[in-house]
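Trainee: Got a minute to go through this one with me? I'd like to ask a few quick things as we look.
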2 protein chains.
Amino acid sequence: MSSADTADAAATGATEPTADTASTGRRARARRRTWIDLKAAALEEVREVGPAGLALRSVARRLGMSPAGLYRYVDSRDGLLTALIADGFHDLADHLEFALGAGGEVATDRERPAPEVPMRAGADADVAERLRAVGLAYRSWSVAHPNEFGLLFGDPIPGYAAPADGPTVEAMTRMGAALARPLLEAAAVGRLRGDRVLSDPSVAGPPGAMDPLLAPGIDPAVGPLLLLAWGRLHGQVSLEVFGHPHWLFPDGCEALFRADLERTLHDLGLVTP
Amino acid sequence: MSSADTADAAATGATEPTADTASTGRRARARRRTWIDLKAAALEEVREVGPAGLALRSVARRLGMSPAGLYRYVDSRDGLLTALIADGFHDLADHLEFALGAGGEVATDRERPAPEVPMRAGADADVAERLRAVGLAYRSWSVAHPNEFGLLFGDPIPGYAAPADGPTVEAMTRMGAALARPLLEAAAVGRLRGDRVLSDPSVAGPPGAMDPLLAPGIDPAVGPLLLLAWGRLHGQVSLEVFGHPHWLFPDGCEALFRADLERTLHDLGLVTP
DNA sequence: TTGCGTTGCGAACAGCGTTCGCGCAGGGTG
DNA sequence: CACCCTGCGCGAACGCTGTTCGCAACGCAA
């Protein structure tokens, strides 16, 4: 069954323990433990040398294992990167949800049951503050983890396309949902206005295109607005993290980011003047 | 002198012909020719497999050369990538300057003397159209050359920092200048307003920080505005090129980009209402 | 205890970037 | 014309990488 297991996990990029194996045995616990250690070591490596520099043999040395031994847990280097990408999106999603006020501590191990941040319908003025908070969290996580940011948003792995139902896009969807929540809340109470920024209504995407990602039955006009806001945040952060304006505009990155975020709040009708 | 030549060129990453060598000999012409062919082959490789997948041996096979032979022209793989980055920025700058109305055809070989687009002071209403044009050119070049976009703006080469006076930042400066020109023109005629987007004037960077990049004596307030506008363009393009919203918002990318660009024109005071 | 499935390892293969030393051929100088 | 010298290209080699294969040892259930 080992080969079939590996073939199944090829889509996810990591060989998880099979379901029929008792997940409670001492064996299974040890396997989970080394799988977590493996990802931790690989993440440390990525933090030090970047995604392109990750070497399986180096990870194996860190763990005191043989290079071949890693292949009991990983089906290829790209598979390991894929697992790290999924974890990275989950980590970013954790920070965004924490900033949204989910309360509690951010889970430090990656065995997460998706805390399901509740939707806040009331408190109109609060929605701007929530979008501010999630935007600033997006930036702070990114500048604090530049190599992971590059892993998530930099050059995609050549020739690799994430399976639509894989853990990568599931984790990215969770992050996108956290990013979108303030906008969805604002739209729910009718405070989101798209006419300022989308004068041409033809920009609206196909209705229901984003449904599976966020919530069913959302206003199809909120999708473009979300993408627009995300693009604005992401542009500033991307330029900053990859160091392009750093040699050109040393210390004003955060202030500039705040200013653009504030203007975006205005453009979306979430602040009064 | 060959070793000294290589050591000198280590900063630039490519072994250009020395100046004392007669640049007119048949030898020198052959060398320039193979150097151009080498970069063309490497660029083709980058277009196919991405920056991370570029292999010197594969480039050598393309040229019918030995892998070791390449080292007469290149001092390392990262050096070749650096040369390609510089060329990429020049190519992007060409497209931006062409969109700015420099007229004429875009030079196809990389032996360029920086055509020096003239500054247009008059024609107030024209400045919005020029910023529109350069923004759309930024996007069209990027989506047409996704792997080169990743080369220029994706994960930086691990452990590599471009020398401040190297050809890389010179080429990037040229691109930045083209991107900035409409804003500088608008500022010159007093049509650029920063109060809408920068309510807090403390965002202004250190005066003169961007002087060497653009033109001496520019208004220090235009720097943050330029970076803000660039960030907005770049965010949309980066998300689109790296495929993040593609599976989520299939065909509206260009329309959304235009809408955000239009709103940016409004935020900068370049369109009337 | 017996047997099976899982786990790790050593060895090996192909491919990579990079270095070294050699031979050859072109070009400037007597 | 003959000379030497410089630059060019190559073959071989080293150490590194990802990946595969077969074998030995171990946990666990029957």
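**Contacts, rings and salt bridges**

Mentor: Happy to. Keep in mind that this is a predicted model. A good place to begin is a phosphate contact: a polar side-chain atom of Arg61(B) is 3.3 Å from a phosphate oxygen of DNA strand C.

Trainee: Which other residue has a polar atom by a phosphate oxygen of DNA strand C?

Mentor: Leu56(B), through its backbone: a polar backbone atom there is 2.6 Å from a phosphate oxygen of the strand.

Trainee: And which residue puts a polar side-chain atom by a base oxygen?

Mentor: Arg72(A), at 2.8 Å from a base oxygen of DNA strand C.

Trainee: How many residues surround the strand, and which are the closest?

Mentor: There are 21 around DNA strand C, and the closest are Arg72(A), Tyr73(A), Leu56(B), Arg57(B) and Arg77(B). By class, the surface near the strand has 9 charged, 8 nonpolar and 4 polar residues.

Trainee: What part of the strand's atoms within 4 Å of the protein is sugar or phosphate?

Mentor: 57% of those atoms belong to sugar or phosphate, and the rest to bases.

Trainee: Which helices supply at least two residues each of that surface?

Mentor: Helix H2 (26–49) of chain A, plus helix H2 (26–49) and helix H3 (56–63) of chain B. The largest share comes from H3(B), with 3 residues.

Trainee: Changing topic: how many aromatic pairs are there over all chains?

Mentor: The structure holds 8. In one of them, the ring centres of Phe89(A) and Phe153(A) are 5.7 Å apart with planes at 90 degrees, so the pair counts as edge-to-face. The two residues are 64 apart in the chain, with Phe89(A) in helix H5 (residues 77–102) and Phe153(A) in helix H7 (residues 146–153), both of chain A.

Trainee: Are those two buried or exposed?

Mentor: Phe89(A) and Phe153(A) are both buried. Phe153(A) also pairs with Tyr138(A): the centres are 6.2 Å apart and the planes at 50 degrees, so that pair is tilted. Tyr138(A) sits in helix H6 (residues 126–144) of chain A and Phe153(A) in helix H7, so the contact ties together parts 15 residues apart in sequence. Tyr138(A) is buried, as is Phe153(A).

Trainee: Which residues do the ring pairs link into a cluster?

Mentor: Phe89(A), Tyr138(A), Phe149(A), Phe153(A) and Phe242(A).

Trainee: Now charges. How many salt bridges are there over all chains?

Mentor: The search finds 38. One joins Arg62(B) and Glu45(B), at 2.8 Å from N to O. That pair links distant parts of the chain, with Arg62(B) in helix H3 and Glu45(B) in helix H2 of chain B, 17 residues apart.

Trainee: Why does Glu45(B) count as buried?

Mentor: Because its relative accessibility is 6%, and the cut-off for buried is under 20%. Arg62(B), at 34%, counts as partly exposed.

Trainee: Where do Arg258(A) and Glu254(A) lie?

Mentor: Both are in helix H10 (residues 253–267) of chain A, 4 residues apart, about one turn of the helix. They form a salt bridge with the closest N and O atoms 2.4 Å apart. Arg258(A) is partly exposed at 40% relative accessible area, and Glu254(A) is partly exposed at 36%.

Trainee: What about Arg139(B), which residue does that one bridge to?

Mentor: Glu254(B), with the closest N and O atoms 3.8 Å apart. Arg139(B) is in helix H5 (residues 126–144) and Glu254(B) in helix H9 (residues 253–267) of chain B, 115 residues apart.

Notes
Residues are numbered from 1 along each chain as its sequence is written. Chains are lettered from A and ligands numbered from 1 in the order in which they are written. This is a predicted model: local features need pLDDT of at least 70, side-chain atom pairs count only at pLDDT 80 or more; totals for chains, interfaces and linings use all residues. Side-chain values use heavy atoms; hydrogens and water are left out. A residue is near a molecule or strand if one of its heavy atoms lies within 4 Å of it. A polar contact is a pair of N or O atoms within 3.5 Å; within protein, one must be able to donate a hydrogen and the other to accept it, and residues adjacent in sequence count only if both atoms are side-chain atoms. Ala, Val, Leu, Ile, Met, Phe, Trp, Tyr, Cys and Pro count as nonpolar, Asp, Glu, Lys and Arg as charged, and the others, Gly among them, as polar. Rings of Phe, Tyr and Trp (its six-membered ring) pair if their centres lie within 6.5 Å; planes under 30 degrees apart count as stacked, over 60 as edge-to-face and the rest as tilted. Buried means under 20% relative accessible area, exposed over 50%, partly exposed in between (1.4 Å probe, protein chains only). A salt bridge is a side-chain nitrogen of Lys or Arg within 4 Å of a carboxyl oxygen of Asp or Glu.
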